[in-house]
Each structure stands twice: as structure tokens, then as C-alpha cells.
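Got your viewer open? Let's take a walk through this chain, one selection at a time.

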Amino acid sequence: MNIENAQVQMRKGILEFCILHIISRGEVYASDMLDELTSARIMVVEGTLYPLLTRLKNAGLLDYKWVESTSGPPRKYYILTDLGRDSLGSLNDTWQELAESVNSIVGKTDQHKKPANGNAAPMTNASDPITPSTNA
């Protein structure tokens with residue numbers, strides 16, 4: 001398994017969700033999104049962000065408006081559509097379910113890590129009774 005590739009794929013999998021959340025707060029400029037995603041350590045570059053924004057717009061999840069700038073060309077600010085808000089609500093539900101599921105699995109794994117003596121903790125099944133050890 002290529003760990004770096006797995007990490008990139010995990011980040012990519014939640015990128016749309018994070019972008020919709022950022023835009024849900026109000027009108028936002030793409031470079032501000034990029035800054036927030038970068039500071040949150042969700043590795044993203046302009047070459048990834050802009051095609052994704054276009055795809056989300058084409059799907060009807062977001063729209064944009066042009067705002068004149070005093071220091072250069074007009075800026076494109078993104079906003080969520082009603083469909084985008086509804087979709088974000090559904091994604092929030094899915095995220096909560098996934099987070100609970102993953103945390104449950106990781107928590108069980110943490111409970112079964114090797115103790116200080118180096119012996120693995122026994123894996124148990126609710127239907128299998130644990131027999132006390134007679135090694136004292």
C-alpha cells in the first residue's frame with residue numbers, strides 16, 4: 001500500500017464537502033478558499049480547486065457573482081444555491097455517520113493494542129465468553 005497515495009485520496013474524498021462548508025458561510029473568493037484549505041492541511045492547489053468549483057457550479061450546487069475590485073479586475077465570489085444547501089445537509093448527515101463508524105473501529109483497535117508486556121490483547125466476540133487465564 002502506498003501510504004502517501006492513500007492520504008491524498010482520503011483528502012480528495014472530503015474536499016467537495018469542505019468547499020461546500022466554506023462557501024456556506026457566505027460569499028467567498030477562490031483564493032480565500034485555497035488559503036483556508038491549505039491552512040487546514042487539506043492539500044489543494046489552484047489546478048485542483050478551479051475545476052472542482054466549475055463541476056459544483058455545473059451540478060447546480062453553487063453559483064457566483066462578479067464584484068468590482070478597486071485594485072484590479074473584478075473578482076468572482078462563490079455562493080451556495082438552495083440545492084447546494086440541501087446537498088450540504090445530506091453530506092453533513094453522511095459525515096456524522098462515517099465519523100462515528102470510523103471512530104468506533106479505531107477505538108476498538110486502540111483497545112486491542114499490545115500492552116507493555118508485549119503480548120497482544122485478546123480479540124473477543126460478544127458471543128464468545130472470555131475464559132480467565134490460569135497463568136498467574
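Start with the whole chain on screen. Among contacts between residues at least 6 apart in sequence, 45% join residues at least 24 apart, where contact means heavy atoms within 4.5 Å. You're looking at a predicted model, in which local features need pLDDT of at least 70 and side-chain atom pairs count only at pLDDT 80 or more, while totals for chains, interfaces and linings use all residues. Residues are numbered from 1 along each chain as its sequence is written, and side-chain values use heavy atoms, with hydrogens and water left out.

Of the 136 residues in the chain, 19% count as buried. Here buried means under 20% relative accessible area, exposed means over 50%, and partly exposed is in between, with a 1.4 Å probe and protein chains only.

Now switch to cartoon view. You should find four helices and three strands, and along the sequence they follow the pattern α-β-α-α-β-β-α. Both kinds of element are DSSP runs numbered from the N terminus: helices are H or I with at least four residues, strands are E with at least two.

**Stop 1: α1 against α2**

Select residues 3-24 for helix α1, then add α2. Their axes come within 11 Å and cross at roughly 125 degrees. An axis is a line fitted to C-alpha atoms, for helices over the stretch in contact, and angles run from 0 to 180 degrees between N-to-C directions. That crossing makes α1 oblique to α2. For the cut-offs, under 35 degrees is roughly parallel, over 145 is roughly antiparallel, 65 to 115 is roughly perpendicular, and the rest is oblique.

The crossing of α1 and α2 is right-handed: the near helix is turned clockwise from the far one by less than a right angle, whereas anticlockwise would be left-handed.

Which residues meet here? Show side chains for Leu 15, Cys 18, Ile 19, Ile 22 and Ile 23 in α1, and you'll see them meet Met 33, Glu 36 and Leu 37 in α2. By class, this contact has seven nonpolar, no polar and one charged residues. In this scheme Ala, Val, Leu, Ile, Met, Phe, Trp, Tyr, Cys and Pro are nonpolar, Asp, Glu, Lys and Arg are charged, and the others, Gly among them, are polar.

**Stop 2: α2 against α3**

Keep α2 (residues 30-39) and add helix α3 (residues 46-58). The axes of α2 and α3 come within 11 Å and cross at roughly 125 degrees, which makes α2 oblique to α3. This crossing is right-handed. On the α2 side, pick out Ala 30, Ser 31, Met 33, Leu 34 and Leu 37; they meet Glu 46, Leu 49, Tyr 50 and Leu 53 in α3. The contact of α2 with α3 divides into seven nonpolar, one polar and one charged residues.

Next, click on Arg 41, in the loop between α2 and α3. What is its phi near? The phi of Arg 41 is near 65 degrees, a positive value in a residue other than glycine. Most residues other than glycine have a negative phi. At 60% relative accessibility, Arg 41 counts as exposed.

**Stop 3: the sheet**

Hide the helices and look at the strands. They make an open sheet in the order β1-β3-β2, with antiparallel pairing. The edge strands are β1 (28-29) and β2 (62-69), each pairing on one side only. Two strands pair if DSSP finds at least two bridges between them.

Select β2 and strand β3 (residues 72-80): they pair over seven bridges in the antiparallel sense, and they form a hairpin with two residues between them. Try highlighting Trp 66, whose bridge partner in β3 is Lys 76. Tyr 64 stands opposite Tyr 78 in β3, and Val 28 stands opposite Tyr 78 too. β1 and β3 pair over two bridges, also antiparallel.

**Stop 4: along α4**

Bring back helix α4 (residues 82-111) and find Ser 87 in it. Is Ser 87 buried, partly exposed or exposed? At 21% relative accessibility, Ser 87 counts as partly exposed. Ser 87 and Phe 17 are 70 residues apart in sequence but 9.4 Å apart in space, C-alpha to C-alpha.

Finish on Gly 84, also in α4. Gly 84 is buried, with a relative accessible area of 0%. Leaving aside neighbours within four places in sequence, Gly 84 is in contact with Gly 60 and Leu 61. Draw a distance from Gly 84 to Ser 24, C-alpha to C-alpha: they are 8.5 Å apart in space and 60 residues apart in sequence.
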